[in-house]
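Colleague: Can we go through the labels on this one? I'd like to hear the reasoning behind them.

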Amino acid sequence: MTLDLRGLNPAPVTPFTTDGEIDFPAIERLGSWLASVEGVKSLTVLGHAGEGTFLTVDEQLSVITAFRDAVEDRIPIVAGITGEGNKVAALEAKRAVDAGASAGLVYPSHGWLRFGYQDGAPQTRYREIWETSGLPLILFQYPDNTKATYDLETQLEIAGQPGVFATKNGVRNMKRWYTEIPALRAAYPELQILSCHDEYLLPTMFDVDGLLVGYGNIAPELLVDLIAAGKARDYEAAHAIHERLLPVTKNVYHRGSHMEGTVALKWGLVHRGILDHATVRPPLLPLADGADAEIAAAFASAGLDKVTVSA
């Protein structure tokens with residue numbers, strides 16, 4: 001695999017107009033800005049932060065293409081692959097290739113969240129997607145408190161399959177993290193390991209090659225520095241960045257529901273001058289009155305000011 005995601009990989013939001021349509025000029029601003037930040041290695045669109053499953057098929061493809069055009073081939077676009085069945089997901093990945101995606105982040109089948117998966121089933125999902133589309137794939141490890149989290153044997157088998165070159169790990173169970181990440185490293189030294197623990201990045205920063213996070217939308221400059229500190233094993237520097245960002249983390253990700261983080265991300269981008277408003281699609285709802293002011297104050301305390309975008 002030639003894709004190198006060792007660094008920061010933001011998962012951008014999908015901007016909407018006030019009437020709920022895709023805001024393509026805002027995608028141009030967001031994509032252009034993120035691609036201009038040194039240390040950003042890719043953008044992952046159509047994820048949870050991007051409200052990807054709230055879009056029609058045509059809209060999903062247009063978002064991939066719009067972000068690809070916005071980054072002007074400076075960095076690759078990764079597409080979230082979320083379709084339920086193997087064939088559905090494989091055809092989704094094939095369409096993503098045609099729209100301009102260079103890799104795919106493979107979500108587990110939705111039914112597994114509630115009912116769990118049969119041993120061996122996740123492996124078939126990755127295999128069929130790869131064989132149908134030829135799209136390089138990222139293994140997505142879901143939180144430990146879901147039934148769609150993969151045991152170590154399943155992760156090792158998926159990581160060893162053709163087409164799989166990285167893993168996005170969000171297990172959110174440090175007992176498992178400290179067991180499973182070393183095992184993946186030992187079995188596949190070239191596997192790129194990316195954390196997605198937006199709520200508490202610091203404990204994972206010293207074990208990974210980079211981040212694949214919605215957080216990358218709003219604070220890419222500081223997250224690039226956090227990755228560098230982690231790779232240098234400089235805990236003091238990493239902790240200082242963590243403390244600087246903590247008010248932002250609390251106001252974006254320490255909310256009642258992780259899904260509220262998507263709305264908060266958009267308010268953060270309003271504060272940074274990329275978006276004009278924080279419109280989301282149902283079933284997402286606006287945040288409580290006053291949340292926008294709280295988020296703006298947190299950003300100000302972290303020194304995350306408005307940016308100038310050339311697009």
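Modeller: Sure, and keep in mind that the model is predicted. Let's start with a cut-off: buried means under 20% relative accessible area, exposed over 50%, and partly exposed is in between.

Colleague: Then why is Glu221 called partly exposed?

Modeller: Glu221 has 28% relative accessibility, which falls between 20% and 50%, so partly exposed it is. Its partner Arg272 comes out at 3%, under 20%, so that one counts as buried.

Colleague: What makes Arg272 and Glu221 a salt bridge?

Modeller: The rule asks for a side-chain nitrogen of Lys or Arg within 4 Å of a carboxyl oxygen of Asp or Glu. Here the closest N and O atoms are 2.9 Å apart, so the pair qualifies. Arg272 sits in the loop between helix 10 and helix 11, Glu221 in helix 8, 51 residues apart.

Colleague: How many salt bridges does that rule give?

Modeller: The count is 11. One of them joins Glu51 and Lys266, with N and O 2.7 Å apart. Glu51 is in the loop between strand 2 and helix 2 and Lys266 in helix 10, so the pair ties together parts 215 residues apart in sequence.

Colleague: And why is the pair of Trp112 and Tyr150 called edge-to-face?

Modeller: Planes over 60 degrees apart count as edge-to-face. These two are at 70 degrees, with ring centres 6.5 Å apart, so the label fits.

Colleague: Is Tyr150 buried or exposed?

Modeller: Buried, because Tyr150 has 0% relative accessibility. Trp112, at 12%, counts as buried too.

Note on methods: Residues numbered from 1 in each chain as written. Predicted model: local features only at pLDDT ≥ 70, side-chain atom pairs only at ≥ 80, totals over all residues. Heavy atoms only, no water. Phe/Tyr/Trp six-rings, centres within 6.5 Å; stacked < 30°, edge-to-face > 60°. Buried < 20%, exposed > 50% of the residue type's maximum accessible area, 1.4 Å probe, protein only. Helix = DSSP H or I, 4+ residues; strand = E, 2+ residues; numbered from the N terminus.
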